[in-house]
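Here are some comments on the model, set out as numbered points for reading alongside the sequence and the coordinates.

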Amino acid sequence: MTAAPATALSSIYTKGLPILTPSTLNPHAPLGKWLLSTSALVSAMVHIGGVTRLTKSGLSMTDWKPLGSRPPMTEEEWMAEFERYQQYPEWQQRQSMGLEEFKYIYYWEWGHRMMGRFVGLVFGGGWAYFTWIHRPKISPSLSATSTITSIVPKNITSAIPPGYQSRLALLFAMGGTQGLVGWWMVRSGLGDDRRGDRSEIRVSPYRLAAHLGMAVGTYSALLWTGLGALSYPVDRYAANTVASSASAAGTSAPSSLLQQYTNQLAPAALRHARTTRVGVVSTVGLTGITILSGAFVAGNDAGNAYNTYPLMDGRLIPWDDMVDPDKVPKWRNLFETTATVQWNHRVLGTCTALSAVGVAGYGLLRDPASGGRRGGASTSALRAASGTTPQVRRGLMALGTAATAQMSLGIATLLTYVPINLAATHQLGSLVVLTCGVYTAHSLRYAGQSVVSKVGSGAARSLVNGGSCGGGGGVMLKGATVVSKVTHLKI
């Protein structure tokens, strides 16, 4: 075996599995960039929604039109809208409000709703464009190179990868449902049954959590799908060249460069990657639950009580305040009693931060050195295989840092009695932690069960048999030459 292929293989292990953003190399890159841009718009909408809630603007618009409407333009239109608002329960607690203050809160709610419609237009228009109009174009100057010929089939006619139409349909349905859920939430604060409320009239915290949860779920799905489109050639399109080479040699090989990477990992490295992936996915799940618990903190205005840390009214656990005997059934205390709701969020936030820091430390500091394998001159290159790629290491560092900063920001928000700027930044920070987690989990896809189960030799077999890895090395080196030419495009 020559030194050149070994060098190429070592280059892959050093630079990881690339995400291809140039459309000349990845015909699905425009779709991936559009999906990530749409996810950014959704995060902006979540942020605007948070400010709308913090400014107590959510009940200023008392009707809902699916296609939207322009705001009042004349003084007469504003007065008519203001008089309509005065017919609803919230007005009984805000009768000192003047027309100018009403305009302020109205514009926040109107802007939030119109932002949602704009996101829907961007997604629907983009989906139609990529389905019926856009056709991939590969630069003629690159079409004859081994890189493009090996990775991208010549018969690609759509930027939407196989199987992605159903994902896009689901995303579109989630976005459309979000508007309905939002109005369902607002209606909980407009009913006549709220007129006798002594406490501040708010929307139902359960419906608020559903609304926020739907938005966060949509954001995460957009992010994951966009990353999948950008990595699709590396994950799938090496099959043609590599499989044909393996067939000619009378050997078997994984069907993609992603699976080849998994195949060549040492058993210890693959175990390390799989354990890291479990930790990252668990942290993502904890982050989602913590975000939902934050919705209950907001819905009950629980952030304006117990403004000390780490103690709550001088105690770690304020038992006497956590159960309201008047709430029946008792489980409602978990979601409606101020002390319990805030304690839950504190504990979940702390667990999320500790989980993120812990998995980052494990992934970065405990990466085992790969053992030698058969292959003569290629052994030194194979030893370079790491359980964590550079993409994973960057993601772990970002996840640990973001989670620590988010916890610190949450404490600062609590101690300063929830100022709007800090509280809005804290909510946005939760999406930053979630983004880091999703990116890292996606970067660890080579350790996922669906990939490992398809690898019939190498590290996966060694995990079962307890032996050393072997097989598939020659085919891997053929694919290595291809990937080494595009690794400089990684993110």
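**Notes on the predicted model**

1. The accessible surface of the protein comes to about 21800 Å², and carbon and sulfur atoms hold 62% of that area. The model is a predicted one, and this should be kept in mind through the points below. Of the 491 residues of the protein, 49% count as buried.

2. As to secondary structure, the protein has 19 helices and 0 strands. When contacts with a separation of 6 or more are considered, 81% of them in the protein are between residues 24 or more positions apart.

3. One helix pair deserves a careful look in the viewer. The axes of helix α7 (residues 205-230) and helix α11 (residues 267-299) come within 8 Å and cross at roughly 145°, and the crossing in which α7 passes α11 is right-handed. On the α7 side the contact is made by P205, Y206, L208, A209, L212, G213 and V216, which meet I291, L292, A295, F296, A298 and G299 in α11. By class, this contact of α7 with α11 has 11 nonpolar and 2 polar residues, with no charged residues.

4. The next points concern charged side chains. Side chains of opposite charge can pair when their charged atoms come close. With a cut-off of 4 Å between a side-chain nitrogen of Lys or Arg and a carboxyl oxygen of Asp or Glu, the count comes to 15 salt bridges.

5. Among these salt bridges is that of R84 with E81, whose closest N and O atoms are 2.5 Å apart. Both residues, R84 and E81, lie in helix α3 (residues 75-85), where they are 3 residues apart, or about one turn of the helix. Their surroundings can be stated separately: R84 is partly exposed, with a relative accessible area of 32%, whereas E81, at 10% relative accessibility, counts as buried.

6. Is the salt bridge partner R94 buried or exposed? At 16% relative accessibility, R94 counts as buried, because the cut-off for a buried residue is under 20%. R94 forms its salt bridge with E90, the closest N and O atoms being 3.5 Å apart, and E90 is also buried, with a relative accessible area of 7%.

7. A further salt bridge joins E336 to K327, with 3.7 Å between the closest N and O atoms, and both E336 and K327 are buried. Salt bridges that share partners also join D313, R315, D320 and D321 into one network.

8. Two loop residues may be worth inspecting individually, and the one to take up here is H28, which lies in the loop between α1 (3-15) and α2. H28 counts as buried, at 1% relative accessibility. Which residues is H28 in contact with, leaving aside its neighbours within four places in sequence? They are I156, S158, A159, I160, P161, A229, Y232 and Y237.

9. The other loop residue is G58, found in the loop between α2 (29-54) and α3. G58 is partly exposed, with a relative accessible area of 22%. Leaving aside its neighbours within four places in sequence, G58 is in contact with T52, E109 and V186. The C-alpha atoms of G58 and W108 are separated by 8.0 Å, although these residues are 50 residues apart along the chain.

Methods: Residues are numbered from 1 along each chain as its sequence is written. This is a predicted model: local features need pLDDT of at least 70, side-chain atom pairs count only at pLDDT 80 or more; totals for chains, interfaces and linings use all residues. Side-chain values use heavy atoms; hydrogens and water are left out. Axes are lines fitted to C-alpha atoms, for helices over the stretch in contact, and angles run from 0 to 180 degrees between N-to-C directions. Helices (H or I, at least four residues) and strands (E, at least two) are DSSP runs, numbered from the N terminus. A crossing is left-handed if the near helix is turned anticlockwise from the far one by less than a right angle, and right-handed if clockwise. Contact means heavy atoms within 4.5 Å. Ala, Val, Leu, Ile, Met, Phe, Trp, Tyr, Cys and Pro count as nonpolar, Asp, Glu, Lys and Arg as charged, and the others, Gly among them, as polar. Buried means under 20% relative accessible area, exposed over 50%, partly exposed in between (1.4 Å probe, protein chains only). Accessible areas come from the Shrake-Rupley method with a 1.4 Å probe; for residues, only the protein chains shown count as cover.
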